[in-house]
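Here are a few short exercises to work through with the model open in your viewer. Try each one before reading its solution.

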Amino acid sequence: MLFYAAQAQVINKTPLSDRITTYKMDVSLDTEAKTVSGTLEGYWVNKSQDTVPDIEMHLYMNAFRSNRTTLYKESGGSPGSKDSDLGWIKVSSFTDRYRNDLLGLMKYTSPDDGNPDDRTVIRVIMPNPALPGDTVFVKMGFETKLPSSIRRTGFNNDFFFVAQWFPKFGVYEPAGMRYSRKGNWNCHQFHANSEFYADHSVYDVKITLPAKYVIGSGGLLISETVVNETKKSVTYRAEDIVDFAWTAWPGYAVKIDKWKNVSITLLMPKDRVYQAERQFTAVKHALDYLSERVGPYPWPYLTFVDPPAIGAGAGGMEYTTLFTTMSSLFMPPFFHMPEMVTVHEFGHAYFMGILASNEFEEPWLDEGVNSFWEERIMDNYYGKNTGMMDTPLMTLADKSYSRMGYVGFPGRQNVSNAEYSWNYPHETYAMMSYLKTATWLYTLMGLIGEKTMDDVFREYYRKWAFRHPSGRDFTDVVNEVVKREHGDKFGPDMNWFFNETLYGTAVCDYKVSGIKNILYHKPEGMVDPADTLNKVAGADSLYTSAAELERSGEMTVPVDVLIHFSDGKEILENWDGLSRFRDYEYTGHRKIEWVKVDPEFKNRMDVNFINNSMTVRKDPIPLRRLKMKFTTFVQFVLSIITI
C-alpha cells in the first residue's frame, strides 16, 4: 500500500520530516504532443486535531491556459495564440480509497483574487471528513500540456523542463501554525511574482520517454529499463522534499562529481562542458559554507542543470535536490555570474527546501535570507571585493551589487517586507524580497557580529528544519540568541531593529555635516578673571575641535564614529543614532583631520556612503581614481556590448 511505501527508507536511515503528503506517479512524456500523462496516487495525513471536511490542491499548469489567468493578468502578455503554445492540466479521473468518484465534487476556487478564469486551485468536499490522525487517499488520472513559452516550466523544440506539473496538495495549517488562528488550507493561486509552498513529501515517480533523451530529476535514480527499441522507463525516489521536477533533452552532457558523501550530477550542453569545473567548484563552496554555518545537507545526492539557450527560461530555479543555474557559451572567468546563480539556487535547498517557509506570503524569508548567504559565500570564496567581478581595472563585491540595487531603486519606501508576494506595488517585489532583505541582514550582522549571526542560523535550522517557520519564528530565534550571547547590550530584544527594517519603510542616512577646529584665544576685554585656560601653559595652541554628525533619514540604528586627529591618534565613538544630530567635542593641542561614520561599513542600510566621511584636507587623488574607474567601466560595458 502507498502508506507503507512512504514509511520505507530508501535514501536516508530515518525520515527527516513528518511526511504529511506522499505521491506515487506513473507517467509518459509525449514529445510530439508536448504532454505528460498518467496516474497519481497520493495521500494527505491529518496531523491536526481538526475534523477536516475537504482537500485543496494546486493545478499550477492551468496558469498557462489563457491570458485571463491570474499569472497573465498580473504580468501582462499571453501564453500564446496557438493551441500548441498553451499549458494546462486536465483531471480525467479522481477517486478516494473507497472508490468514490470525486470528479463531480471538484470545484475551482480562486482564494486570492476571485478570478473566475483562473483554475490553478481546486477544492473537493470529501464524502467522509478526515478525523484527527486519518489518512486521505486519492487516485487521479491526469494529462499535463506543457507551455511553449518557458516560464520555469515548459518546452522548446526537443527541450523539456517539467515543473509544477502534477496535482499537488496544499498545506493544511491548524490553529497556531505560523499565523493561523483556525485550521485552514493554505493553497494559493499561481502568481506572477511568487514562488511556492508545500509539505515535505515522499515521491515515487516512474517516467517513460524516448530512449534518446537524457533525463535528470530531483529524485535518486532507482532503475532504468528498456521498454522497446525507442522508449525507456526511469524510476526515481525522493524523500522529504517539497517538490518534484525533472528535465529531458537529447543534447545534455552528464558530468559527475562528489562532495563528502554527496554525489553531484550536472547536466549541461555539450559545448559548455569546459565550464563544468567552475560549476562544481561553486556548488561545493556552497555546501561547505552552509553545512558549517547553518546545518547539514541531509541528502546523499544533488542534481543541477545548466539549460541550453533554447531552455533559458528554465534557468535560475530551485526544487530542493534539483536546481537550475544559468550560463552561456562564452563566459569570461573574471565574471562570476554563473557561480553566483549556482550558489544562490543551491542555497534554496536550505531555506525553501529544508526549512520550507511560505514563499507566497513571506518571500523575503526564503529569497532574501538566501541572497544574504549567497553574497557571503561569493565574497568569501571569490574575494571580499571581487565576488561578482574581478578584473585589474574593475572589481565588484556580490554584497555591493545587491546593496546598489536597493539603494538605487526609486520605490524603496513604497512598501515593507510584510506583504504577500503578489501585493508588492510598482515592480518592488524583487528589490524588497531579495535586495533589501539581504542588505538589512548584513546590517544586523554588523550590529551583533558574525559569530552571533551564524549562531542565529544554526539555532534557526535546529529548531525549524522541516517544520515551516514563519518570519515571527525567525525573529524570535534572533532575539533568543542575541539575548543569550550579548545580554541587554542591544535592549531587551531586537524587535526595534525589525520594526525599522523588516516591518518599516524608513530610509537610513547618517552623515558627517562638519568639522570644526577653533584655536583658543587668550581672554581680551571684560572677561572672568577665574578663566583657568588663561593660566594653562601652551594655552595659545589649544583647539576646541568638533565632529558634527546628522541623521538625515528616519531609520535609527547604532553607528560607530571614527575620529582621526592631527597627531595620528584616533578615537572610536559609538552613537546610538537616535537624535537628529550629535556633536563630539574635544579640547587639546591637536586638531581633527577627518571623521568617518560607520568606518567598517557595518550599516549597509545607509543609502549614502559618500556623506559618511569628511576631511579638512582636500585630496584630489581619490577624485582622479574615481574618474579613471568610471572611464574604465564605460569601456568595459562597451566591450561587453560588442562581444
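The exercises below cover a helix pair, two backbone angles and the cysteines.

This is a predicted model, in which local features need pLDDT of at least 70, side-chain atom pairs count only at pLDDT 80 or more, and totals for chains, interfaces and linings use all residues. Residues are numbered from 1 along each chain as its sequence is written, and side-chain values use heavy atoms, leaving out hydrogens and water.

**Exercise 1.** Describe how helices H7 and H8 cross.

Step 1. Take H7 (residues 429–448) and H8 (residues 450–464); their axes come within 6 Å and cross at roughly 120 degrees.
Step 2. H7 is therefore oblique to H8 (under 35 degrees is roughly parallel, over 145 roughly antiparallel, 65 to 115 roughly perpendicular, the rest oblique).
Step 3. H7 brings Leu 441, Leu 444, Met 445 and Ile 448 to the contact, and H8 brings Glu 450, Thr 452, Met 453 and Val 456 (contact means heavy atoms within 4.5 Å).

**Exercise 2.** Place Ala 356 and Glu 427, and say whether each is buried or exposed.

Step 1. Ala 356, not a glycine, has a positive phi of about 60 degrees, and sits in the loop between H4 (337–354) and H5 (367–381).
Step 2. Its relative accessible area is 1%, so Ala 356 is buried (buried is under 20%, exposed over 50%, partly exposed in between, with a 1.4 Å probe and protein chains only).
Step 3. Glu 427 also has a positive phi, near 60 degrees, in the loop between H6 (398–407) and H7.
Step 4. At 67% relative accessibility, Glu 427 is exposed.

**Exercise 3.** How many disulfides does the whole structure hold?

Step 1. A search finds zero (a disulfide needs two cysteine sulfur atoms within 2.5 Å).
Step 2. Cys 187 is buried at 3%, and Cys 508 is buried at 0%.

Key: Axes are lines fitted to C-alpha atoms, for helices over the stretch in contact, and angles run from 0 to 180 degrees between N-to-C directions. Helices (H or I, at least four residues) and strands (E, at least two) are DSSP runs, numbered from the N terminus.
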